[in-house]
Amino acid sequence: MTKIFVALLRLNHDLHAIDAASSSLVDLHAGVHRVDNPRGQTCELVCKAAPKLRACIRLEVLFRLKRRHDHFIRATCAGNAQKQQLEQARFLTRCLVVLLKYGALLSDPGQHGMLPLAVFGTLQEWGCEGEGFATPLNATLQSYCSLHSEADRCFGSLGSFFDWRPKMGSFELNPPFTIRSTAVEDHVVELLQAAERDGKALSFCYVVPETAGRLQTRKSIRRETPFLAGELMVRASSKYNGGMGQGHVYRRGNEFQTHAKQPWDCPFTTVITWFQTTAAKEKWPVTDALKQDLLTAFAPGAPEPEAMR
């Protein structure tokens, strides 16, 4: 609780500082500049109007944000060259705002582990097209939902998962480990019920480490929904509480700002559950081959697909 309280205090401070500097941020000469690290992996974004507002980011993540930002500008400013130029000039400022918001919430880097790129590659080949819980800093698939919709939309975010109402499609869900209610599951069932009535193919691949609270929630939703289409247990390593598996890893939540990528060795069993409408079960069947591919992709040292980097 102490870490969460400190994180909230820091976030509140950062947001007030951003508000205070916002009037000068629209001035292109008082925006944000980039300072590259000599080691070449990261850079720091610094607000000229308020130099204490600064944050570190991996260059590869910054380049990925630039591609998403460019796509947003092309979609929203088509035919208006002057507006496109102005929006492009705000790129680093928008990046800094996102970094400050999520950096404050990720004071504990293990708070929200990310799926390995190899797992995303397997799910994408199977049919997954979007993520229900991501950030502009870690989104891997083309479409995604995120927490701070007002700041994230210029990087392609669809907004909050809980406000999102897809009628069809195949999506991955890896909610923050700190969610302890059934809000995610309740929203999933509501969406599936609507899609089933319309005869649409809607699928959710739900991935979460099995804590005691999540075990109870999973058992409850299995009893209450007809949409369960498959389940896979990815065991923790034998060094954790008698685990029986080869072990599996996640990417750390703060990977977007570190010099080196250090996978998080998960001490829990991860449960992957598929919830699908009738049409989705036919379109994206959950096969034994898919499950084996996911076990392989979760293993420590699994190769990362080049297209996912």
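**Exercise 1. Describe how helix 2 and helix 3 pack against each other, and which residues make the contact.**

Step 1. In this predicted model, helix 2 (residues 59-76) and helix 3 (residues 81-89) pack at an angle of about 155°, and their axes are 10 Å apart. Helices here are DSSP runs of H or I with at least four residues, strands are runs of E with at least two, and both are numbered from the N terminus. Axes are lines fitted to C-alpha atoms, for helices over the stretch in contact, and angles run from 0 to 180 degrees between N-to-C directions.

Step 2. The two helices are therefore roughly antiparallel to each other, since angles over 145 degrees count as roughly antiparallel, under 35 as roughly parallel, 65 to 115 as roughly perpendicular and the rest as oblique.

Step 3. On the helix 2 side the contact is made by Lys66, His69, Asp70, Ile73 and Thr76, and on the helix 3 side by Lys83, Gln84, Glu87 and Gln88, where contact means heavy atoms within 4.5 Å.

Residues are numbered from 1 along each chain as its sequence is written. Because the model is predicted, local features need pLDDT of at least 70 and side-chain atom pairs count only at pLDDT 80 or more, whereas totals for chains, interfaces and linings use all residues, and side-chain values use heavy atoms, with hydrogens and water left out.

**Exercise 2. Work out the layout of the sheet formed by strands 1, 2 and 3, and place helix 2 relative to these strands.**

Step 1. The three strands form an open sheet in the order 1-2-3, with antiparallel pairing; two strands pair if DSSP finds at least two bridges between them.

Step 2. Strand 1 (32-36) and strand 3 (54-58) stand at the edges, each with a single partner strand, so one side of each is left without a neighbour in the sheet.

Step 3. Strand 1 is joined to strand 2 (residues 42-47) by five bridges, and Arg34 stands opposite Leu45 in strand 2.

Step 4. Helix 2 lies across strand 1, strand 2 and strand 3, and runs at about 90° to strand 3.

**Exercise 3. Trace the pairing partners of strand 6 and establish how far this strand is covered.**

Step 1. Strand 6 (residues 169-173) is joined by two bridges to strand 4 (residues 130-131), and these strands run parallel; here Glu131 stands opposite Glu172.

Step 2. Strand 6 also pairs with strand 7 (residues 202-209) in the parallel sense, over five bridges, and Ser203 is the bridge partner of Ser170.

Step 3. Five of the five residues of strand 6 are buried, a term that means under 20% relative accessible area, with exposed meaning over 50% and partly exposed in between (1.4 Å probe, protein chains only). Gly169, Phe171 and Leu173 lie on one side, and Ser170 and Glu172 on the other.

**Exercise 4. Determine what surrounds helix 5 and Thr277.**

Step 1. Eight of the 10 residues of helix 5 (residues 117-126) are buried, among them Phe120 and Trp126.

Step 2. The buried residues of helix 5 pack against strand 4, strand 6, strand 7, strand 11 and helix 10 (288-298).

Step 3. Thr277 is found in the loop between strand 11 (270-276) and helix 9 (278-283), and is buried, with a relative accessible area of 0%.

Step 4. Not counting residues up to four places away in sequence, Thr277 touches several residues, including Leu192, Lys200 and Phe227.
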